[in-house]
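Biologist: I have a model open and would like to learn how to read its features one by one. Where do we begin?

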Amino acid sequence: MSLVRPDLIGLPSVVHGSVSAAELAAFGVAPSDVLDFSVNTNPLGVAPSVLEAIAHTNWTRYPGDDEPALREAIGRHAGVSSEHVVLGNGSVELIWLIALVCVRSGDAVAVARATFGEYARAARVAGAEVVDLQQIDHARLAFVCNPNNPDGSYLTSEKITHLAQRVNGVLAVDEAYASFAPERWNSAPLLDRGNVVVLRSMTKDHALPGLRLGYVLAPPALAHVLESVRPPWSVNAGALRAGLAALEPAAQAHLGRAHRVVQDARRVLIDGFQALGYSVRDSHANFVLVNVGDGAAFRRALLPLGLVVRDCASFGLPSFIRVACKQPAECRRLLSAVAETALATR
Ligand SMILES: Cc1ncc(COP(=O)(O)O)c(C=O)c1O
């Protein structure tokens with residue numbers, strides 16, 4: 001008798017961006033010398049006011065008592081009541097919780113072909129069959145990444161509403177990168193439909209991927225079940241402090257400046273790669289997808305220079321790389337390196 005669920009044996013892990021110290025060491029590059037374009041976070045880093053709030057965290061208490069204040073603040077920020085808000089250890093925890101709560105073994109979960117890999121993994125762990133988004137009409141749950149990772153495409157409110165009408169259950173709209181969309185629309189009113197949940201990540205907006213903080217907006221009945229299944233204290237005391245500070249005017253102004261930097265950087269990257277002869281898709285996110293012929297070879301060629309891009313093979317797009325919109329000067333440094341090393345991998 002197998003001690004574990006046989007369908008979970010050999011479940012592949014999901015490839016994410018970033019680079020390991022071991023991989024850098026092989027090229028003699030120190031982590032502190034790296035410009036990492038494979039992680040899509042706020043190019044200005046953490047707001048000083050958020051760092052200060054984290055520094056004043058009381059780590060000696062369990063953090064549960066501090067959660068209602070952050071749920072209230074997020075609710076005010078999003079224009080919904082706090083009963084709609086569930087906090088998570090990064091939005092990824094909530095992706096998993098949604099799958100566990102909404103799916104029964106054997107149900108279909110619809111996921112786009114090239115998108116963030118954790119939707120399919122969470123669905124499989126919940127015992128679901130993963131189907132293409134085209135088959136949404138039969139799905140108990142569908143995940144849509146908006147803007148999409150890795151291509152930066154952004155569906156309109158009409159398109160999302162149409163998907164919510166078609167799905168045979170819940171539509172989860174992941175807005176991890178929506179804050180960087182130049183023409184962002186407000187998805188919160190979709191909660192009134194009763195079958196839409198909206199995921200948001202505070203780690204991208206506030207450059208805190210190591211701290212872990214995300215939330216989901218959900219109809220109150222669904223939010224209540226998500227909350228009852230969530231492990232206790234999954235959001236640590238520092239993340240709760242950071243979340244409150246991130247919604248204050250000082251950090252929001254910092255985020256506003258980051259939006260303008262991303263807008264400039266996106267233009268620099270698109271124009272720069274196109275000038276070098278590469279085809280680049282227009283993007284509504286804080287990253288761009290570039291067709292370089294062989295993404296893995298391209299990434300390998302840049303690593304010894306301390307420049308890291310995301311090879312998109314794990315998205316099923318082996319000829320592409322994804323490049324984060326960092327500060328324009330940093331983007332220009334990447335483009336010069338690409339031009340100088342004549343990455344003839346097309
Ligand atoms: C589309 C998407 N959603 C969610 C996440 C997870 O974000 P968090 O750090 O909030 O867990 C990522 C991280 O790469 C992502 O790309």
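Biologist: Which elements do the buried residues of α9 pack against?

Modeller: This is a predicted model. To place a helix, list what its buried residues touch. The buried residues of α9 pack against three helices that precede it in the numbering, α2 (48-55), α3 (67-78) and α7 (202-205), as well as strand β2 (85-88) and helix α10 (249-275).

Biologist: How many of the ten residues of helix α9 are buried?

Modeller: A residue counts as buried under 20% relative accessible area. In α9 (residues 237-246) eight of the ten residues are buried, so the helix is largely enclosed by the rest of the structure. Those residues are A237, G238, A239, L240, A242, G243, A245 and A246.

Biologist: Which residue caps the N-terminal end of α9?

Modeller: For a cap, look for a side chain that reaches a backbone atom at the helix end. Here N236 does this: one of its side-chain oxygens lies 2.8 Å from the backbone nitrogen of G238.

Biologist: Turning to loops, is N40 buried or exposed?

Modeller: Read the relative accessible area against the 20% limit for buried. N40 has a relative accessible area of 3%, so N40 is buried. N40 sits in the loop between β1 (35-36) and α2.

Biologist: What is N40 in contact with, apart from its neighbours within four places in sequence?

Modeller: The partners of N40 are Y177, K204, N286, F287, R322 and A324. With Y177 there is also a polar contact between the two side chains, at 3.4 Å.

Biologist: Which peptide bonds are cis?

Modeller: Omega is the angle to inspect. The bond from N146 to P147 is cis, with omega near 0 degrees. Another cis bond joins N149 and P150, and there omega is about 25 degrees. P147 is in the loop between β5 (141-145) and α6 (157-166), and P150 is found in that loop between β5 and α6 as well.

Biologist: Which residues other than glycine have a positive phi?

Modeller: Two cases can be pointed out here. R212 has a phi of about 75 degrees, and phi of W233 is near 55 degrees. R212 belongs to the loop between α7 and β8 (214-217), while W233 lies in the loop between α8 (220-229) and α9.

Biologist: Why does W233 count as partly exposed?

Modeller: Partly exposed is the range between the 20% limit for buried and the 50% limit for exposed. W233 has 44% relative accessibility, so W233 falls in that range. R212, with a relative accessible area of 25%, is partly exposed too.

Biologist: How many residues surround the ligand, and which are the closest?

Modeller: For a binding site, begin with the shell of residues. There are 14 around the ligand, and the closest are D174, Y177, T203, K204 and R212. By class, the shell has six nonpolar, five polar and three charged residues.

Biologist: Which polar atoms of the protein lie by oxygen atoms of the ligand?

Modeller: Separate backbone from side chain. Polar backbone atoms of S91 and V92 lie 2.8 Å and 3.0 Å, respectively, from a ligand oxygen. From R212, a polar side-chain atom is 2.7 Å from an oxygen atom of the ligand.

Biologist: How much of the ligand does the protein bury?

Modeller: Compare the area of the ligand alone with the part that is covered. Alone, the ligand exposes 400 Å², and the protein buries 91% of that. The elements giving two or more residues to the shell are α4 (91-102) and α7.

Terms used
Residues are numbered from 1 along each chain as its sequence is written. This is a predicted model: local features need pLDDT of at least 70, side-chain atom pairs count only at pLDDT 80 or more; totals for chains, interfaces and linings use all residues. Side-chain values use heavy atoms; hydrogens and water are left out. Buried means under 20% relative accessible area, exposed over 50%, partly exposed in between (1.4 Å probe, protein chains only). Helices (H or I, at least four residues) and strands (E, at least two) are DSSP runs, numbered from the N terminus. Contact means heavy atoms within 4.5 Å. A polar contact is a pair of N or O atoms within 3.5 Å; within protein, one must be able to donate a hydrogen and the other to accept it, and residues adjacent in sequence count only if both atoms are side-chain atoms. A residue is near a molecule or strand if one of its heavy atoms lies within 4 Å of it. Accessible areas come from the Shrake-Rupley method with a 1.4 Å probe; for residues, only the protein chains shown count as cover. Ala, Val, Leu, Ile, Met, Phe, Trp, Tyr, Cys and Pro count as nonpolar, Asp, Glu, Lys and Arg as charged, and the others, Gly among them, as polar.
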